[in-house]
Amino acid sequence: MSFDWPTALPLIFAGLMGLAILIYVILDGFDLGIGILFSVAEDAEQDTMIAAIGPFWDANETWLVLAVGLLLVAFPMAHGVILTALYLPVFVLLVGLILRGVAFDFRAKVPAGKKHRWNRIFFLGSIIASLAQGYMLGVYVLGLDVGLGGIAFGALVALCLSAAYAAMGAAWVIYKTEGELQKKAVAWLRTALVVTALGMAAVSLATPFASPRIFAKWFVWPEMLYLSPLPILSALLFLWLWRQTFHLPKPDDRHALRPFLTLAAIFALGFAGLAWSFYPFVVPDKLTIWQAASATESLAIILAGTVVVLPVIIFYSFYAYRVFGGKATDLTYD
Amino acid sequence: MDPLILSRMQFGANISFHILFPTITIALGWVLLFFKLRYNATNDSAWMRAYFTWVKVFALSFAMGVVSGVTMSFQFGTNWPGYMEHVGNIAGPLLAYEILTAFFLEAAFLGIMLFGFRRVSNRVHTLATVLVAGGTTLSAFWIIALNSWMQTPAGFEMIDGKAHPVDWWAIVFNPSMPYRLVHMLIASGLTVSFLIAGLSALRYLTGDRSESMWKALRTGVFTAAILIPIQILAGDQHGLNTLEHQPQKIAAMEANWNTGPHVPLVLFAWPDEAAKENKFEITIPDGASLVLRHSTSGIVPGLNDYPGLHPPVLPLFWGFRIMVGTGILMLIVSWSATFFLKRRHSLPKPLAMLMVPMSLSGWLATLAGWYTTEIGRQPWLVTGVLKTADAVGPVAGSHVALTLAIYLILYVLLLIAYLGVLVHLALKAAKDGDTSPLPGVMKTAMSQPAAGE
């Protein structure tokens, strides 16, 4: 089979979009998670937690804009179908993102007496955005079904994803802080992991009933064999992380980043599983990536730019993380 | 209720709220760079104090711009799926390039610009400021390119009802793009100049005579005084460009009902679209012919040439006049303030008091101008290619109405909080004056803390 661009380009863009969503979920996952953990943190701890994400959250959220942007520019048909079907949850997500994004800045600039209010708004915005994302994922998995079953399944995924974000947030706090707060974050991580595990189990059990199509895609021989590493590896990583939490923080704070990286790996595995469940559809059962794609010449010019610019973006993002490496200190403008 | 008009209101509300903040950040980034470079050159700590006061305004405005911008990227799909279906091949790459070249650049270096002062060397910090300012301007370049293409499309062909790109250079640099970009960038400069001048005037009125106040005040007033005549010239050129490519917009802006020579300039009127005439009109004879064609017998296009295909007259007529009127007021205020600052080295109290509300004059003029040009594109979404009514999505009117109501409440509350913080920051800076402890400014970076330190 010869290589032909009209076939390859939509596939490449589906891959890029998947990558952007995965990076978004991991990166904004930890700062949304920290927002969720705001509800159980003391005032002084909240400042440190903000300092741990302050320089990054903006760039993290840009990956969402890129993911939606790629959906918009590469698969314009799908963009319309998905977003009109998810009209209200998208709206709820946006309100959440607006509230937390501005609360972040307001809390540091308003007179001291009003700070508390913006802390609460930061928590509310974060939990609303997380729940909305999970709900949308659940409804999307079911092929944009918004019947009673779809809503129930969406609610289940919403809780599960929020717990997973909280776990990411706790893991990031473990990496970026020390002392009492770090110890507390270990306890948060353990709780969040338990809820995430219960949620994952419930979602896994419900999926075959909720979506026979996905069930059929997974449980046929020999695909089952090739796919088996995904769930097995995820489970092993999960158990390993659980064991790790008993020994955290380690002497000299070794491996402080490890819980976060482990969780990121679990997210990546779960994401690969989801991608398999949908391929080759971008709107489940309705539009394949080729049916929804833009014109070849438009995709080509975006790809040309992406190939040049994306490595540069990744390079300077690493640089920004490095500049603010180490434990979080007070965040000041000077 | 009609989902079309509700969706238009919602998009209008979202983009009006959004544009307020990029209008500030685009130019404020460069002003901050100016403060920084002045400090680097003179070692005068007052420049750095001005920088630290205004970098907080930048941070807050940037956050407001980001969150309202995320909303915009979803709006295309939730409310206007027909837009991307028909012209996605053109709009897509332009938006993609905005995200790839501008959004990431500004977002990544914003952290270093805001919080990295003690983490990187002074030179790297200055570079980060350059990159953030450059990123905001680049972002304006791409989005104005797309917006202008919707006004004056070029460089494409239609195949099966979908636009396909033919010549990217012609698409990006379409006929109205250079004019619109210049007009918008200067509008941003004026918005920021008046914001800085106005909040500094507030500090002046509270008795603050600190060096950082004077420096910010002079920067704001002088920049405004230089930019406003250039803007009036650029606006005039932009108008002539519109006359050439979108005459129906000019006809509505001038409330000229019939094509012909010797068209008067209407200073005040209440255009009545049903009767096709102006009520309570005050005019200058031959004025419009003279302004638009540089001859009293110049032919000015009238609305009668575009039955059913011209924009609504009332909002264009008034939007344009509010913008121009605000511009004239800006000219008077900035030039008289320049006179007093240069000759008397002081600011008369009434002038300072006028400058405080004028802080928001840039917002008013920018919004009025955008309403003129965007409503002026109606009934088209993309002139001659796609009508707005053909792009609206299938979402129920009740859903759009509900979300619109909540957006409006949210935006009003956020705007109040935002303005409250601006005043709070100005008053705090006035109280601190030159006595606030100035953070250590270093030529070299602190050592990077190693992981696990």
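Visitor: How do H5(A) and helix H13 of chain B pack, in angle and axis distance?
Guide: H5(A) and helix H13 (residues 397-432) of chain B pack at an angle of about 5°, with their axes 12 Å apart; axes are lines fitted to C-alpha atoms over the stretch in contact, and angles run from 0 to 180 degrees between N-to-C directions. H5(A) is therefore roughly parallel to H13(B), a label for angles under 35 degrees. Helices are DSSP runs of H or I with at least four residues, numbered from the N terminus.

Visitor: Is this a predicted model, and what gets filtered?
Guide: This is a predicted model, in which local features need pLDDT of at least 70 and side-chain atom pairs count only at pLDDT 80 or more, while totals for chains, interfaces and linings use all residues. Residues are numbered from 1 along each chain as its sequence is written, and chains are lettered from A in the order in which they are written.

Visitor: What classes do the residues of the H5(A) contact with H13(B) fall into?
Guide: They divide into 13 nonpolar, 2 polar and 1 charged, where Ala, Val, Leu, Ile, Met, Phe, Trp, Tyr, Cys and Pro count as nonpolar, Asp, Glu, Lys and Arg as charged, and the others, Gly among them, as polar.

Visitor: And how many residues of chain A are in contact with chain B?
Guide: In chain A, 61 residues are in contact with 64 residues of chain B, contact being C-beta atoms, placed from the backbone, within 7 Å. H5(A) gives the most to that side of chain A, with 14 residues.

Visitor: Switching topic, how much of residues 148-175 of chain A is helix?
Guide: That stretch is 100% helix and 0% strand, with its end C-alpha atoms 41 Å apart.

Terms used: Helices (H or I, at least four residues) and strands (E, at least two) are DSSP runs, numbered from the N terminus. Two residues are in contact if their C-beta atoms, placed from the backbone, lie within 7 Å. Angles under 35 degrees count as roughly parallel, over 145 as roughly antiparallel, 65 to 115 as roughly perpendicular and the rest as oblique.
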